[in-house]
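Please open the structure in a viewer and keep the sequence panel visible beside it. The tour below proposes a series of selections and states what may be found at each.

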Amino acid sequence: MPFRRRPARRRTDGLRRPLAVMASAALAMAAAIVPLATSAAADAAATGDTTVTVNANAGLGTVTSTALGANTAVWDAYMNDPGVAPLYRAAGIGALRYPGGSYADLYHWVDNTAPGGYVAPGTDFDSFMGTAKASGAQPILIANYGSGTAREAADWVRYANITKGYGARYWEIGNELYGNGVYGSGWENDTHADKTPDQYAREVKSYAAAMKAVDPTVKIGAVLTMPGNWPDGSVATGDTGDWNHTVLAAVAHDIDFVSVHWYPNTSDGDQSLAAVQRLPGELHEVRDLVDRYAGADSAHIGIAMTEVNSNSGGGAFTSRPNGLFTAEAMMTALENGVFTVDWWDTHNSAGTISTVGGETDYGDMGMLSNGSCSGGVCEPAVNTPFAPYYGIKTLGALSDPGDSMVASGTSGSEVSAHAVLRSDGDLGVLLLNKSSGTEHTVDLRYLGFTAASGTPEVQRWAPGDDGPVDATGTATADSVTLAPYSITVLTLHPKNGTGSAAATVGAPGTPRTTAVGADTVGLSWPAATGTVDRYEVYEQLGTNIQLLGSSTGTSVTLSNLPAGSRHTVEVLARDQAGHLSRPSAPLTFTTATPDDSTCTVSYQVTSGWGNGFVSNVVVSNVGPADIDGWTLTFDWPSAGQAVSSSWNANVTGDGRHVHVTNTDSNAELAPNGGNSATFGFVGANDGANPSPTSFTLNGTVCRTIS
């Protein structure tokens, strides 16, 4: 994105705090869906126009203290104002990124300078750490790659953690280094003569070694491009691969997390809210890439979304639609594998002034005012919260560290839902009405949770509210009416003796695969606390879960799985009285394709440009019989993928399903790999562009060659 001024959780106001999670969609399987306990609300007659279903037994991960974050920048003269830390604490912000986006590749910590840029007084590292400590937030620090060295970064680690004892855990190596000109657009400062992803990977390994030699506990992050966004898939002249594949192939065993940024760059708030539906697929592709290159180490590599806003420099930022986008985008990222998501940014400056929904939008990417003026219009007093701050604060009202994210779904496109099973057994439900003019009444349904009698606690941020306000008494456990462009957070208490709060066992640890075959997968997991009667492995199917297997120990083999199919599973422990624990964090895996198949398929993306790509496919017959005429079928993993044009084959699509037949020149496939049929196509992608996992040739599932 263009070079720009760029510019968890401790609470004091009684609101609750947010979370970091992992989640993924799953494919249906031929097994009965397990019936779960429901509240009385599940049997209530429908009265609303939208139904929201929450499954307290379908876990999406555990709350961490760094889940919600914000960017801070050395050019921001107000970054360390005494009033800023209390605002961070009140919103539940538990991570602060420093020294500020692209400025990180100019910045030298030891003398607080950024040659070629502006550094405000009082923004040095120790002053920043004073604000971080006062807010109870963990720093996320960006080591200078563009004009720095591994030695300089190691010295910073020594000063921060050995000399000062700050305990700074998370360190990114540079900011958006793919924007150093290697792909034709250069906003990021990079003084290296070699600006290729290969050089970045070599330097990441050097930085990681030097920094961990000083403090082995630090977590090192490498910069990736966001799948489905430029320059994802782009291959520069002379390079053998795109940025992500090149970097991960080299550093996957040297890093602890990857860092991505997301700016959908839409033209208005409604489009921004709609764009959030692309996030799960894009983040799943990041995880799949890490899995591919890190192997067994992948479980220890996190995903950080260290910048997010609706636009990268020219939009309406301070009004209500962007506040709704903030909550929706950040929560969705957390639900899909991100351990920290950091808003861009704390303070920025006024830009294009506009009117949105009857309120002034100052065109400022910050969550707090810096009091600047544009076109004769001035912002309110410094540190006045803008709408994105309130969006984050509603997430802070949802949960505390240690709580579990659980699955939720909605029947209407204008209402979205997010839910949290809290450590005390309470259920938190966040409801967002994305319509600017339509009120929606929601019927609430629960699986795995029985609500106590009485009305739930309610926090609401609706037009006319000065931030989230207490609106208890405006909802029941069965129903709530949502004002247009509003966010509502409900807290429901469980009926005595029900739900995970009644269980005498804790949640099992995160499962991992021990073996992956074409139709079987071995799983193991850390034991739950307490006396466990048995463990049960469930597959997540939206807001439903289905039992796949059980064990009295901490491992199981799942059988009869389709080849090349993707699944998301979780483990719950059942105590001797029959109560289910809270769910483990989920695990997503894809089964293999059969090694003994009589056909093979190689699928390669040879180039891409963010929203389009070129693929090459090679089909071989390795069986003993000749094939004269063939049909190849496969399904796109993402709804936004499609074929635009093709060559050397007849390619048609029907939704996600793709049907390919031979041409006259390549109809015959000789036995035992005697020849191959090669074809290609130009594709389009709206968001993620993952490769298909399973191909069928004349009815036979082929072995997929990566």
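Does N560 count as buried or exposed? Select N560 in this predicted model: its relative accessibility is 71%, and N560 therefore counts as exposed. The residue sits in the loop between β26 (555–558) and β27 (566–575). Its phi is near 60°, a positive value in a residue other than glycine.

**The whole chain**

Now zoom out and show the complete chain. The secondary structure comprises nine helices and 40 strands. Along the principal axes, the C-alpha trace spans about 80 × 65 × 50 Å. The radius of gyration is 26 Å, which agrees with the value near 27 Å that a compact globule of 706 residues would have.

Switch to a surface view. The chain exposes about 24700 Å², and carbon and sulfur atoms supply 49% of that area. Of the 706 residues, 59% count as buried. If the charged residues are coloured, 37 positive and 67 negative charges appear, and the mean positions of the two sets are 8 Å apart.

**The largest nonpolar core**

Return to a cartoon view and select W171, Y200, W262 and M305. These are the residues with the most contacts inside the largest nonpolar core, which has 113 residues. Add helix α8 (residues 320–335), which contributes eight residues, the largest share of this core. In soluble globular proteins, nonpolar side chains tend to be buried together.

Which residues surround Y200? Beyond its neighbours within four places in sequence, Y200 is in contact with Y145, I173, L177, G221, A222, V223, W243 and V247.

Two of these contacts, W243 and V247, lead to helix α5 (residues 243–251), where both are buried. The other buried residues of α5 are N244, T246, L248 and V251. To see what covers them, display the elements around the helix, including α4 (197–214), β6 (219–223), β7 (257–262) and α7 (279–294).

Next, select the loop between β6 and α5, where P231 lies. The peptide bond that leads from W230 to P231 is cis, and its omega is near 5°.

**A second cis peptide bond and helix α3**

Move to the loop between β3 (95–98) and α2 (125–135), in which P99 is found. Y98 and P99 are joined by a cis peptide bond with an omega of about 15°.

Then select E152 in helix α3 (residues 150–163). Its relative accessibility is 17%, so E152 counts as buried, the cut-off being under 20%. Leaving out residues up to four places away in sequence, E152 touches Y107, H108, W109 and N144. One of these, H108, is 44 residues from E152 in sequence, while their C-alpha atoms are 8.2 Å apart in space.

**Helix α9**

Which residues of helix α9 are buried? Select residues 387–396 to display this mostly covered helix, in which 10 of the 10 residues are buried. They are A387, P388, Y389, Y390, G391, I392, K393, T394, L395 and G396.

**Strand β14 and another core**

Proceed to strand β14 (residues 404–410) and select S408 within it. At 22% relative accessibility, S408 counts as partly exposed. Apart from residues up to four places away in sequence, S408 touches T53, V54, A417, H418, A419 and T543.

Keep V54 and A417 selected, and add L444 and Y446. These four are among the 24 residues of another core, which lies apart from the largest one.

For a distance check, draw a line from the C-alpha atom of S408 to that of N496. The two residues are 88 positions apart in sequence and 23 Å apart in space.

**A last stop at Y485**

Finally, select Y485 in the loop between β20 (479–482) and β21 (486–492). Its phi is near 50°, a positive value in a residue other than glycine. Y485 has a relative accessible area of 11% and is buried. The tour began at N560, which also has a positive phi but counts as exposed at 71% relative accessibility.

Key: Residues numbered from 1 in each chain as written. Predicted model: local features only at pLDDT ≥ 70, side-chain atom pairs only at ≥ 80, totals over all residues. Heavy atoms only, no water. Helix = DSSP H or I, 4+ residues; strand = E, 2+ residues; numbered from the N terminus. Rg over C-alpha atoms; globule rule 2.2 N^0.38 Å. Buried < 20%, exposed > 50% of the residue type's maximum accessible area, 1.4 Å probe, protein only. Areas by Shrake-Rupley, 256 points an atom, 1.4 Å probe, with all protein chains shown as cover. Lys, Arg positive; Asp, Glu negative; His and termini not counted. Charge placed at Lys NZ, Arg CZ, Asp CG, Glu CD. Contact = heavy atoms within 4.5 Å. Core = buried A, V, L, I, M, F, W, Y, C linked by side-chain atoms within 4.5 Å.
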